[in-house]
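Colleague: I have a model open and a few things to ask. Can we take them one by one?

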Amino acid sequence: MATEKNIYHIGKPFAAMDDDVMRPIEAFPTKLWWGAFGISLMAAVLGVSTILYSFFVGLGVFAINNPVGWGFFIVNFVFWVGIGHAGTLISAILFLFRQKWRTSINRAAEAMTIFAVIVAAIFPLIHIGRPWFVYWAFPYPNERGPLWANFRSPLLWDLFAISTYFSVSLIFWYMGLVPDFATLRDRFERYKANSKIGKFLLEMKSLAYKVMAIGWVGSAKTWHHYEKMVMILSALATPLVLSVHTIVSFDFATSVIPGWHATIFPPYFVAGAIYSGFAMVMTLMIITREVFKLKEYITIKHLENMAIVILVTGMMVSFAYTVEFVMAAYSASHNEQYAFINRMTGPFAWAFWIMFTCNVVSPHFLWFKKLRTNIKVLFVISIVVNIGMWFERFVIVIISLHRDYLPSSWDSYDPTWADYAVMIGSFGIFFTLFLMFIRTIPSIALAEVKADEANASLSHH
Amino acid sequence: MLSIAEIKRGLFSYDEVSGGFVASLKTPADLLNAAKQVKAANVKLFDCFTPCPIHGLDAAMGLHRSWIPVLTFVGGLMAGILSLLYITFIDVFNWPIVYGGKPYFSWPAYVPILFEMVIYFAAVFTVVAVLVLGRLGFINRKVPAAGVTSDVFAIWIGDKGISKADVERILSGLNPQIEEVKA
């Protein structure tokens, strides 16, 4: 069945694939899963309770000040939105480029996108100070004047971009899941007939999958429209994913702060988002394949491909850093030049050099095939890259804001316990959601993997 | 032309409950051949059931092009026009304010929001179109043959007055497992 070209060929009967992929859902979770879930949940509770506390006592518990009004909120917001980009890149852009290796990783990457965007959205919500008025940003006819949102503001563009990105990613992900939910529904029907114990729980699970499968029976007439939809949603999601981080970068680039007011920002942010997103996918995939024994589906070759994407986007990010410096040096603007000198030598120079080491130096290890096919090296680099990308946002937000044009208004920034608690909480919420996902939803897009296998066998005949 | 009854049946029901026979096959290649043979035997009412999309099955079954792209375009276009009208109503007529010396109708600044609205509604229209045209949402719909969501490739033949012997003759050489569907 396997041709030379199809190196991602799994070569198992479809029923065996079902068993492999559904095992984490149908079996009782392992101790490792409970341990990870417990830690994540504790971190999430810490974050959520700190957020609720801040709603009662006000934003004073955080370190934001004048001039550093954005603080950790926007650092974390941009970080998490960036993480989200890899999912849509894998599911949409790699689909359009006919990259077969995407099928094993797209489901988990899309899930990661959705959870990352949820986590990202928390930060502006806290930052606005009165989160109960957040709906004021939506332009609906109202009794406050009417008081409309400002359509010329990049902050409002960002609201629309993030909302659209979240909704479209969610429906794309869900529609991709429907055939797999149908597989689960039919498996649970069988268990229900055979099982005597745990009947109620089984009934509830079975009912949930039945509803989620919305009556999918694999009719060719449905597949016919469905495949068209996958193509169109990919074509829509591709410009969407590029637009989202472009608009996030507009939040900075349309201002006049030295270090922000640069035309390189949109491509620079998009490349950085893909870079950090792929690193996060790599971290999660390495853990998933080890813990859930999915090494036949997520192979070294998949990880190597991701490593190459990380290497390329890492160099794009390095290039953008260089361009920023050259533009500042060439700008004849003392404030602009000082902003970059201050990055390298100012009070937050340590943050800049952490960013530089992690983002510019570390990906170059991936030039060597020995290193980029070594799971341990990949795992370390994927985490190092994400640390670097967090510090990149720290450098952009904190260093640029703390010293702008007027030395008399310069100040420093010293994060409080609440800033750290919310940041740890954001990781907690993300990993709690992800761990719940791998226990309840097929973490590999089964129907797509089967389609690759089936169609490879057809072309061979 | 489609009759009203046909459109109603098409939108609010699905085919394989109306009787006929289901033949289960082992491989996608067999299913492709089955679809070709059924088409060649001039069967009018039939459908295939597979765990994954199969290349070339649409052509073998003689399905016409999907209407989905048209509906996507309509959704996107409507969203773009209506959003532009709405923003214009707000910024020019309902509450005109000068921001940063820009004109009331500053269309370049609206482009990001219009773009997002076009993408959003194009995607929503696409998905709703798949739900309707693909007959999804009947959560009690049963799989016509066991295993079509796992590893079985099935074809349903539902022409009026067709007999089991006819089905066996049409699918000769493919060794199918045939079951009758009770209407």
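Colleague: What percentage of the residues of chain B count as buried?
Modeller: This is a predicted model: local features need pLDDT of at least 70, side-chain atom pairs count only at pLDDT 80 or more, and totals for chains, interfaces and linings use all residues. Residues are numbered from 1 along each chain as its sequence is written, with chains lettered from A and ligands numbered from 1 in the order in which they are written. Buried means 20 or more other C-beta atoms, placed from the backbone, within 10 Å of the residue's own. Of the 183 residues of chain B, the buried share is 40%.

Colleague: Why is chain B called more spread out than a compact globule?
Modeller: The C-alpha trace spans about 80 × 35 × 30 Å along its principal axes. The globule rule is 2.2 Å times the number of residues to the power 0.38, and the radius of gyration is taken over C-alpha atoms. For 183 residues the rule gives 16 Å, so chain B is more spread out, its radius of gyration being 24 Å.

Colleague: Which helix of chain A gives the most to the largest nonpolar core?
Modeller: Such a core joins buried Ala, Val, Leu, Ile, Met, Phe, Trp, Tyr and Cys residues through C-beta atoms within 7 Å. This one has 188 residues, and A:V281 is among those touching the most other members. Helices are DSSP runs (H or I, at least four residues), numbered from the N terminus. With 17 residues, the top contributor is helix 5 (residues 154-194).

Methods. Buried ≥ 20, exposed ≤ 12 C-beta atoms within 10 Å, placed from the backbone. Helix = DSSP H or I, 4+ residues; strand = E, 2+ residues; numbered from the N terminus.
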